[in-house]
Amino acid sequence: MKKILPEYEYSEGQLNIIGDLARRTGLCPETVKILYGRGIDDEDKIERFIHPSRAHFVSPYKMSGMKEAVELITRARDEGWQVVVYGDYDADGVCASTIMRGVLERFGIEPVVYVPERTSGYGLGEAAIDAIFEEYFPQLFITVDCGISNAEEVEYIKEQGAEVIVTDHHELPEVLPDCICINPKINDGYPYDNLCGAGVAFKVGCALIGESAYDFLDFAAIATVADSVPLTGENRDIVAEGLKIINKSGDKPYSQFIGRTGETITAQTIAFAIAPKINAAGRMGDANSALELFCADDPKTVFDLSVKLTAYNSERQKCCDELYLSAKSKLKEKGVQGRVIMLWDESWNTGFVGIVAARLAEEFARPALLFVKNGHMLKGSARSVEAVNIFEALRACDEVIAEFGGHSQAAGVNIEVENFPLLEQLLNKYLDENYPVGAFAPTLYISGELTSPVSQKFAKELEMLEPFGVGFKRPLFCLSVNDCSVRPVRPQSPHLSVKSRYIDLMYFSGAQYAGILECPAPKKLVFEYNISTFRGKEYVKGFIRDVVYDSDCPSQATEAIALNNLSLAALPEIGCEVCNITADEARAKMENCGYYGTLFVAFEAKTLSLYPRAGQLEVNLFTLSNRNLSSAVLVSPQAECDISGYEEIVFLDKPAAMTLPSLKGKRVYVCTEADGAASLKELSADRQKLIDAFRQITAAAYSIEGATAEEAAAKKPINFTPAETFFALKVFEQLGIISFEGGRLTVYKGMKTQLTQSPLYNLISGLN
């Protein structure tokens with residue numbers, strides 16, 4: 001069940017502290033509440049947080065191994081050693097390689113930079129080590145964004161006669177490599193352990209060349225956002241300072257990716273416009289093209305490589321979509337009863353499974369592991385939900401894992417094919433024993449509820465809290481509403497403009513929720529604040545992120561339910577296997593359903609009174625509020641609501657017709673003792689009433705808004721209820737005497753026809 005919970009709750013004493021901090025800082029109490037709840041709980045911390053700066057950087061020498069690394073690198077320079085920088089194929093690894101290369105060049109060393117391709121696997125590999133020694137004979141190996149889990153490979157390098165420095169940020173294994181290791185997770189005097197690989201490389205740069213290393217802060221910022229490490233502590237300072245460089249300079253190698261002039265580049269710009277294109281190079285098997293781009297200074301080379309990476313990203317998106325559909329198909333066939341999603345396929349690309357695993361983890365609100373079969377091994381990527389530490393879960397099952405590494409939300413994992421079912425069993429057992437059911441429920445944490453006109457000062461202060469990202473997410477707020485004024489931003493647009501009592505909002509791709517927003521049933525709109533500028537004046541708007549229906553009051557949407565049921569009944573019947581059951585049998589299914597996999601559908605809200613346990617499940621109106629396939633109740637489903645992923649679908653009342661498209665080919669249980677067409681039986685199929693409706697529609701034709709009969713009916717354009725209006729419009733559309741082609745109503749006068757030629761008219765006539 002999707003939950004809305006306060007991000008924080010305060011005692012009376014804490015509220016007094018917050019009020020005092022607000023007075024001393026000049027900030028709104030609402031702003032201080034957010035900061036206080038996130039651990040920024042005194043005046044000095046607030047001052048530092050809202051003014052991130054390089055002045056807050058921690059001395060690199062507080063990090064274990066830094067002094068020894070500087071001494072060894074200095075010796076390498078002074079004695080003219082051949083130095084190899086060994087990186088990684090993702091955005092963090094490429095940025096870390098770029099930083100280390102630039103720093104070493106300024107320090108007086110011309111390094112060889114080696115970035116392996118994804119097909120070679122993560123971290124140091126013996127084949128790559130052999131190839132490097134065969135060509136370059138290095139005396140010093142420096143890893144960036146990898147190596148901490150490669151104790152054996154480090155020994156192999158040392159056997160070849162080279163010294164090794166490992167710089168990494170990943171979780172520590174039980175045995176560290178026997179060399180100089182720089183990793184903020186090592187228990188030393190360094191106060192911040194969440195740097196990314198490029199952040200660690202930047203700190204090495206600061207130790208080697210001082211403030212000259214600050215010239216590489218833009219690459220450290222890109223990697224920090226791309227690698228999804230928390231944007232708190234020193235990471236916040238790195239990203240803020242890096243964004244200053246990115247916003248000041250328009251001729252950086254990555255500038256081609258941004259493509260917008262005059263707009264302020266934020267962490268979100270990095271996340272959606274820059275990082276995916278860098279990562280795409282590695283995922284498409286050409287990580288070195290991203291490194292070449294970052295090292296290029298010729299405008300034509302930069303342009304050509306930018307075009308290549310952009311094309312890679314487009315191809316990557318296409319491949320990911322195909323893999324996602326393949327995984328969804330496998331999941332539908334396998335079922336969704338477990339606490340973890342595990343799938344594998346021989347044809348999948350290892351470069352994309354991590355992205356799709358993240359998508360599935362978010363969609364189904366549980367960890368997801370996707371593997372690619374190669375011989376007798378499965379190579380995979382794990383992604384998790386916020387509440388579940390997948391690294392610890394894998395560590396608990398390491399007896400059946402050949403190799404794994406990563407952090408709490410993402411990991412790489414390799415297993416033998418024969419161990420796949422055993423790992424799935426062990427992970428499910430571990431998650432069952434260590435996490436409550438609530439950990440797998442989609443949860444929206446809100447920073448406050450809007451109960452009065454919005455404060456522009458507060459909205460402006462929220463902008464001061466940038467950069468937002470992992471570890472410091474953009475605050476969400478909620479607004480309790482009944483019906484709202486809703487309209488598409490333009491005809492047939494999927495985006496909605498929503499007017500409420502206290503704030504105007506936008507809902508991107510929210511068209512499927514228009515019916516819920518317009519109906520009088522109570523619900524909460526979860527949104528974030530945004531400042532927009534129009535003709536030189538600033539306005540506060542809200543961007544809706546979710547709509548959560550108040551499941552206690554479905555009956556308040558009676559008229560909207562009637563309209564929606566009629567819209568569904570107007571569709572052609574589909575083929576599905578129907579098994580009739582009694583109300584007692586339906587109640588038994590509800591009593592015994594598991595956490596996942598069963599959907600109960602009621603076409604009339606009053607039907608729920610027959611099922612006492614319905615209120616213990618999530619109750620949805622028109623469409624599902626989440627897609628994790630947890631057992632739930634759906635009242636009056638929309639035609640476009642996809643419920644095909646459920647293993648068992650139980651109709652709690654008998655519908656007028658089997659017309660829900662996603663039921664095609666499925667087995668459906670239908671309780672025949674309750675009437676799911678009650679609201680449709682209240683409609684009149686009287687010929688004279690339809691003639692009157694046609695006259696009114698003809699008279700008002702030029703003023704009727706809406707691209708479909710349903711949209712037009714919701715605007716109440718004639719002196720009929722929305723359901724009666726839709727019934728008339730749809731019947732006339734089926735008869736061919738009106739049309740909504742082109743996105744608006746057209747009436748064809750003088751045409752002869754018979755009402756019985758309309759399937760919807762015949763259906764409603766047959767009910768009465």
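Which residue in β11 does R383 stand opposite? The legends below take up that pair and several other close-up views of this predicted model.

**View 1. An open sheet of 5 strands with mixed pairing.**
R383 stands opposite A410 in β11. The strands involved are β9 (residues 377-383) and β11 (residues 410-416). They pair in the antiparallel sense, over 7 bridges. Strands of a sheet pair through backbone hydrogen bonds, either parallel or antiparallel. Read across this sheet, the strand order is β7-β8-β9-β11-β10. Its edge strands are β7 (341-345) and β10 (403-406). Each of these pairs on one side only. From one strand to the next, the twist averages 15°.

**View 2. Two helices on the 5-strand sheet: α14 and α15.**
Helix α14 spans residues 299-334 and packs on the sheet whose order is β7-β8-β9-β11-β10. Helix α14 touches β7 and β8 (368-374). The direction of α14 makes about 120° with that of β7. Helix α15 covers residues 353-364. This helix lies across β7, β8 and β9. Against β8, α15 runs at about 150°.

**View 3. An open sheet of 6 strands with parallel pairing.**
The order here is β19-β24-β23-β20-β22-β21. Which strands form the edges? They are β19 (577-581) and β21 (618-621), and each pairs on one side only. Neighbouring strands of this sheet are turned by 25° against each other on average, direction ignored. Helix α21 (residues 583-592) packs on the sheet. It touches β19, β20 (598-602), β22 (632-635), β23 and β24. The direction of α21 makes about 105° with that of β19.

**View 4. F651 of β23, with a partner in β24 and another in β20.**
Strand β23 (residues 648-651) is joined to β24 (residues 667-671) by 3 bridges. These two strands run parallel. The bridge partner of F651 in β24 is V670. Strand β23 is also joined to β20, by 4 bridges, and this pair runs parallel as well. Here V601 stands opposite F651.

**View 5. Helices α20 and α25 crossing at roughly 15°.**
Helix α20 holds residues 558-569, and helix α25 holds residues 722-735. Their axes come within 8 Å. Angles under 35 degrees count as roughly parallel, so α20 and α25 are roughly parallel to each other. The crossing of α20 past α25 is right-handed. From α20, the contact uses E559, A562, L563, L566 and S567. From α25 come P722, A723, F726 and F727. Sorted by class, this contact has 7 nonpolar, 1 polar and 1 charged residues.

**View 6. Helices α5 and α9 crossing at roughly 160°.**
Helix α5 runs over residues 91-107, and helix α9 over residues 217-226. Their axes come within 8 Å. Angles over 145 degrees count as roughly antiparallel, so that is the label for α5 and α9. The crossing is left-handed. On the α5 side, A91, D92, C95, T98 and I99 make the contact. On the α9 side, F219, A220, I222, A223 and A226 do so. The contact of α5 with α9 divides into 8 nonpolar, 1 polar and 1 charged residues.

**View 7. Helices α12 and α13 crossing at roughly 140°.**
Helix α12 takes in residues 267-283, and helix α13 takes in residues 287-295. Their axes come within 5 Å. The angle makes α12 oblique to α13. I278, A281 and G282 of α12 meet A287, S289, A290 and F294 of α13. How many charged residues does this contact have? The contact of α12 with α13 has no charged residues, with 5 nonpolar and 2 polar.

**View 8. N482, in the loop between β13 and β14.**
The loop with N482 follows β13 (477-481) and leads to β14 (485-488). Is N482 buried, exposed or partly exposed? With 38% relative accessibility, N482 counts as partly exposed. Leaving aside residues up to four places away in sequence, N482 touches L517, C519, P520, A521, P522 and K523. The C-alpha atoms of N482 and I390 are separated by 40 Å. Along the chain, these two residues are 92 residues apart.

Conventions
Residues numbered from 1 in each chain as written. Predicted model: local features only at pLDDT ≥ 70, side-chain atom pairs only at ≥ 80, totals over all residues. Heavy atoms only, no water. Buried < 20%, exposed > 50% of the residue type's maximum accessible area, 1.4 Å probe, protein only. Contact = heavy atoms within 4.5 Å. Axes fitted to C-alpha atoms, helices over the stretch in contact; angles between N-to-C directions. Parallel < 35°, antiparallel > 145°, perpendicular 65-115°, else oblique. Left-handed = near helix turned anticlockwise from the far one by under 90°. Nonpolar A, V, L, I, M, F, W, Y, C, P; charged D, E, K, R; others polar. Pairing = 2+ DSSP bridges.
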